[in-house]
Amino acid sequence: MKYAELLQSYIEQSRLTLDEISEKISNKGLSASKQYLSKLQNGKTPPASEKLNSVLAEILNGDADKLDFFAYVEKAPDLVKFILSNFDEDLIDSFIVLSHKFPDRTINLLGENDLDIVESEEFKKINHFAQKTIFNYLGNGQSNSLNNEITQLMDKQLGHLPFYQKNKEMITNHLKEYGFNSTLSLIKDLSILNTLNIANEENFTISDPELYHWYQTLPLSGEKKLRKLRAIWEMMQDDDNE
């Protein structure tokens, strides 16, 4: 559901005309013309402010918290909007409770938060859903705005790691081409390869640039090809033991 749809349902249930609603709003000390209310309920203008939502809910016998929630969804960054738009009623209620618990605090669904926010049962539920939603649904890499959000999140979480900085261009291109889940696998493989390189760099060096490039890009080969390479490697090991 969208903000406009919820507001429209409240207006229909109230059986009040837009002129009547506008007059009642004016009596509450605010201003909202019939034309503005029409645009609000048809989604042709951004959601109203919290103050006006509160008055609208009072006049229409609606829920101000839910109006504010759906208004927040529409104004949120794309990645947050994607997560919130998949909330069920229980998660919406949890988000509203959480917002009331920390009214003057910024709540980051995916990033860092104050300890008391993180320990809140409502936040744990929402954060679990947010993480699950990302892993399950952000797979095609077709949204540039979502890709930018994810890249910023990766920069924040992984930017201090040399292997990430070294391969950032490859990782961001992979995200656009193959989506979020595949990119997570790539990052994991690059991290493992980086660890192996660090562990083995004192034991051997690869002087051939082409061979070294091939070695670095092994994780991109895919599971099927890697199985074949492992089989060949095991055969070579058997030959050495004969």
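In this report, a residue is called buried when its relative accessible area is under 20%, exposed when that value is over 50%, and partly exposed in between, with a 1.4 Å probe and protein chains only. The structure is a predicted model, in which local features need pLDDT of at least 70 and side-chain atom pairs count only at pLDDT 80 or more, while totals for chains, interfaces and linings use all residues. Residues are numbered from 1 along each chain as its sequence is written, and side-chain values use heavy atoms, with hydrogens and water left out.

**Overall fold**

The chain has 15 helices and 0 strands; these are DSSP runs (helices H or I, at least four residues; strands E, at least two), numbered from the N terminus. Of its 242 residues, 35% are buried. Its accessible surface is about 15,600 Å², with 49% of this belonging to carbon and sulfur atoms; areas come from the Shrake-Rupley method with a 1.4 Å probe, and for residues only the protein chains shown count as cover.

**Core and helix H4**

A nonpolar core is a set of buried Ala, Val, Leu, Ile, Met, Phe, Trp, Tyr and Cys residues joined through side-chain atoms within 4.5 Å. The largest one holds 56 residues, of which Tyr3, Ile25, Leu56 and Phe87 touch the most other members. Helix H4 (residues 50-60) supplies the largest share of this core, 6 residues. Contact here means heavy atoms within 4.5 Å. Beyond its neighbours within four places in sequence, Ile25 is in contact with residues including Leu52, Val55, Leu56 and Ile59, and these four also belong to the buried residues of H4. The buried residues of H4 pack against helices H1 (3-14), H2 (18-27), H3 (34-41) and H5 (64-75).

Just after H4, Asn61 takes a positive phi of about 60°. Asn61 lies in the loop between H4 and H5 and is exposed, at 71% relative accessible area. Arg15, which is not a glycine, also has a positive phi of about 60°; Arg15 is in the loop between H1 and H2 and is exposed at 76% relative accessibility.

**Salt bridges**

Side chains of opposite charge can pair when their charged atoms come close. A salt bridge is counted when a side-chain nitrogen of Lys or Arg is within 4 Å of a carboxyl oxygen of Asp or Glu. The whole structure contains 9 salt bridges, and three are tabulated here.

| Pair | N to O distance |
|---|---|
| Lys66 and Glu89 | 2.7 Å |
| Lys125 and Asp90 | 3.3 Å |
| Lys168 and Asp155 | 3.1 Å |

In the pair Lys168 and Asp155, the former lies in helix H12 (residues 168-178) and the latter in helix H10 (residues 144-158), 13 residues apart. Lys66 is buried at 18% relative accessible area, whereas Glu89 is partly exposed at 47%. In addition, Arg105, Asp114 and Asp116 are linked in a network of salt bridges.

**Thr183 and the surface patch**

Thr183, in helix H13 (residues 180-200), is buried at 1% relative accessibility. A polar atom of the Thr183 side chain lies 3.4 Å from the backbone nitrogen of Leu175.

On the surface, Trp214, Leu226, Leu229, Ile232, Trp233 and Met236 form a nonpolar patch with about 580 Å² of accessible area together. Such a patch joins nonpolar side chains (Val, Leu, Ile, Met, Phe, Trp, Tyr) within 5 Å, in residues with over 30% relative accessible area and no salt bridge. Helix H15 (residues 223-241) contributes the largest share, 5 residues.

Terms used. Patch = residues over 30% accessible without salt bridge, like charges linked within 9 Å, V, L, I, M, F, W, Y side chains within 5 Å. Polar contact = N/O pair within 3.5 Å; in protein donor to acceptor, adjacent residues only side chain to side chain.
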